[in-house]
Structures are given as C-alpha cells and as structure tokens.
Amino acid sequence: MMDFTADTLTKRGNIKGVGSVLRAMPFASRILTIGNEKFQVVDATDRDNPVTKAVIDLARNVHSFDVLDGTYALQFAGSWIEGDTELVVTRIDDPNTASPVARIHVGAPNAKYLRNGNIAYVASSDGESQTTKIQVVDFSTPTAPRLRGSLTLPRYTYVSPHYWDYWGYGNEIALVNGTTIVFHRNGESRYVCDGGGRSNCRYDQDPHELTIVDASDPDKPELASTVQLRAQWAWGLKARGTYAYLTHYDYMQGIGTRYFLNRIDLSNPRVPVVRTAVNIPGQFLEASADGRYIYTMQSDYSNGQNT
C-alpha cells in the first residue's frame with residue numbers, strides 16, 4: 001500500500017496471500033483483495049501493518065495430491081515461491097471444497113513434500129537465508145494435524161517442487177525406507193587459473209554430497225551422516241527398499257563418456273554403505289523391489305535424432 005499526494009508517494013504496509021492480484025477495492029477502513037487463488041478482507045486501519053481478517057479459497061494452487069486414507073485427501077498447496085504454503089485436508093469425494101476439513105500452514109519456500117503413512121515431511125530451501133529445512137507434520141488425526149519436529153541442514157541445498165528445476169544438475173531429495181530422507185547436493189564446478197593465460201587453467205569440481213537425515217523419531221529428526229561422491233556429473237536420485245540409487249558419469253580419455261550406478265545401503269542411516277559403482281548402459285531409471293534388476297535409459301544420436 002502507498003499514501004500519495006500530488007507530489008509524493010509514501011510506501012506503507014504489504015498485503016500478501018492472494019496469489020496473482022487481480023483487483024483491490026477499498027471499503028471504509030477495509031480492503032477487499034481478489035487474486036487467482038483467494039478472496040480476502042484486510043483491516044487497513046494501521047496502514048503500516050494491515051491485518052487479514054478473513055480468507056476464502058477460490059482455487060488452491062495444489063502441487064501434490066495424496067489419498068490419506070479411504071475418507072480424506074491431502075493436498076500440498078500455496079505459493080512455493082513466496083513460501084506461503086500449507087497442507088490441506090479435504091474429504092476424498094470433495095477435494096475442491098472451499099472449506100477444507102483441516103489445514104496447517106508450514107511456510108516452506110521452494111518446497112517439496114514427501115509422505116510415509118500419516119507422517120508428512122516438508123523439505124524447503126530459503127534462498128535469502130541460504131537454509132534448507134525439514135518440517136515433520138503428523139496426520140494421525142486427519143481433522144487435527146499437528147507440527148512435530150524440524151531440522152535445519154548444515155549446508156544449503158536447493159529443493160524444488162518441480163522436476164525440471166536443475167534437471168541433471170543435482171539438488172534432489174528422496175525418502176528411503178519410510179523414515180530416511182536423502183538430499184543430493186550438486187558438486188559445484190569452476191575453472192581455476194594459476195596465471196599465464198588459458199594454458200594454466202584447469203577444471204575443478206567439488207564432490208557431490210548426500211546429506212542423510214534420520215527421521216525415525218518424528219519429534220526429533222537428526223542429521224545421520226553424509227556421503228561424498230567424486231564424479232563429473234551425477235543425477236537421478238531414487239529410493240527403493242533400503243537403498244538410494246544415483247547415476248554418475250565420467251569422461252574417459254580415448255573411450256568417451258561412461259555411466260555408472262551408485263548404490264548406497266541405508267539400512268543404518270548413521271552408517272551408510274557405498275557399494276562399488278557399476279558401469280551401466282545409460283541413466284538409471286528404476287530398480288525391482290528385491291534390487292536384483294535395474295532399468296536404464298540411454299539416448300541414441302546415431303540417426304541425427306535423440307531417441
């Protein structure tokens with residue numbers, strides 16, 4: 001909001017939480033705002049600190065949809081860019097209702113949601129403060145969800161609700177064996193020059209890092225361990241059983257690029273076991289439930305097309 005005269009503009013308070021704003025209308029000391037997500041009534045008596053008095057959903061911006069049990073549905077919704085996000089419970093037969101059975105605000109910027117039964121894990125990454133956080137939410141009573149424990153990771157790892165962010169360049173998350181959360185932090189690369197022109201420059205890269213969180217106690221998730229992987233490129237973090245899987249490739253002089261499968265056994269998340277990397281044809285996609293078979297995908301450019 002702004003105060004104005006013929007010659008000046010003075011910035012006052014901000015009104016948030018409607019998505020993309022379509023219209024704002026003053027009514028006495030109130031302001032009615034309508035956006036693509038919500039209609040709300042704001043008390044602007046104190047224009048430096050406007051207070052939202054009432055809100056009704058017009059259309060929730062739903063990022064994830066889950067069936068909580070045979071009666072309820074669980075939605076992760078809101079603005080992940082602003083961090084104005086919430087977990088919303090509706091009846092399974094009325095997911096579009098403007099009056100959900102329950103909702104709980106988690107305030108998670110750039111977030112992704114994972115779930116194990118009645119427990120949800122919301123991973124978020126705040127670019128301004130450079131922090132990555134896990135928040136545990138309990139839906140044992142769907143009509144009365146409650147916040148449980150939380151943990152801030154020791155290093156910032158970008159998390160996104162969309163698969164296309166950083167495709168092929170790390171920054172991923174997976175849930176292993178129900179209560180072990182794995183973050184893949186991309187190894188940052190750079191050219192280092194020692195002086196004397198380009199001939200003295202070399203390519204340098206930090207190792208890829210897996211940060212492993214033990215969330216078996218929902219009230220006290222803990223940093224369990226970290227694993228570092230030396231590779232030029234690594235991506236495609238997946239979970240199957242007690243294992244985390246990740247593809248990496250290395251360039252071999254005279255041979256070209258070769259893909260390898262990394263398998264990390266997280267039966268004990270505090271003592272991860274990194275199995276020997278195996279050369280595979282292309283990128284890992286999925287593993288069978290018993291881990292005996294894997295499925296890969298490899299691009300073929302021989303006919304001038306990517307197939």
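Visitor: How many bridges join strand E7 to strand E8?

Guide: This is a predicted model, in which local features need pLDDT of at least 70 and side-chain atom pairs count only at pLDDT 80 or more, while totals for chains, interfaces and linings use all residues. Residues are numbered from 1 along each chain as its sequence is written, and side-chain values use heavy atoms, with hydrogens and water left out. Strands are DSSP runs of at least two residues, numbered from the N terminus, and two of them pair if DSSP finds at least two bridges between them. E7 (residues 62-67) and E8 (residues 72-79) run antiparallel, and the number of bridges joining them is 5.

Visitor: Which residue in E8 does Ser-64 stand opposite?

Guide: E7 and E8 form a hairpin with 4 residues between them. Across the two strands, the residue in E8 opposite Ser-64 is Phe-76.

Visitor: Which element gives the most to the largest nonpolar core?

Guide: A nonpolar core is a set of buried Ala, Val, Leu, Ile, Met, Phe, Trp, Tyr and Cys residues joined through side-chain atoms within 4.5 Å; buried means under 20% relative accessible area, exposed over 50% and partly exposed in between, with a 1.4 Å probe and protein chains only. The largest such core has 16 residues, and those with the most contacts inside it include Leu-74, Phe-76 and Phe-139. Elements giving two or more residues to this core are E8, E9 (84-91), E10 (102-105) and E12 (119-126). With 3 residues, the element that gives the most is E8.

Visitor: How many residues does the other core have?

Guide: This core lies apart from the largest one, and among its residues are Ile-134, Val-136, Leu-175 and Ala-215. Its residue count is 15.

Visitor: Why is the pair of Tyr-245 and Phe-284 stacked?

Guide: Rings of Phe, Tyr and Trp (its six-membered ring) pair if their centres lie within 6.5 Å; planes under 30 degrees apart count as stacked, over 60 as edge-to-face and the rest as tilted. The structure holds 6 aromatic pairs. The centres of Tyr-245 and Phe-284 are 4.8 Å apart and their planes are at 15°, so the pair is stacked.

Visitor: Is Tyr-245 buried or exposed?

Guide: Tyr-245 is in strand E22 (residues 243-252), and its partner Phe-284 is in strand E26 (residues 283-287), 39 residues apart. Phe-284 has 1% relative accessibility and so counts as buried. At 5% relative accessibility, Tyr-245 is also buried.

Visitor: What is the angle between the planes of Tyr-249 and Tyr-259?

Guide: Ring pairs link these two residues and Trp-233 into a cluster. Tyr-249 and Tyr-259 form an edge-to-face pair, 5.7 Å centre to centre, and the angle between the planes is 80°.
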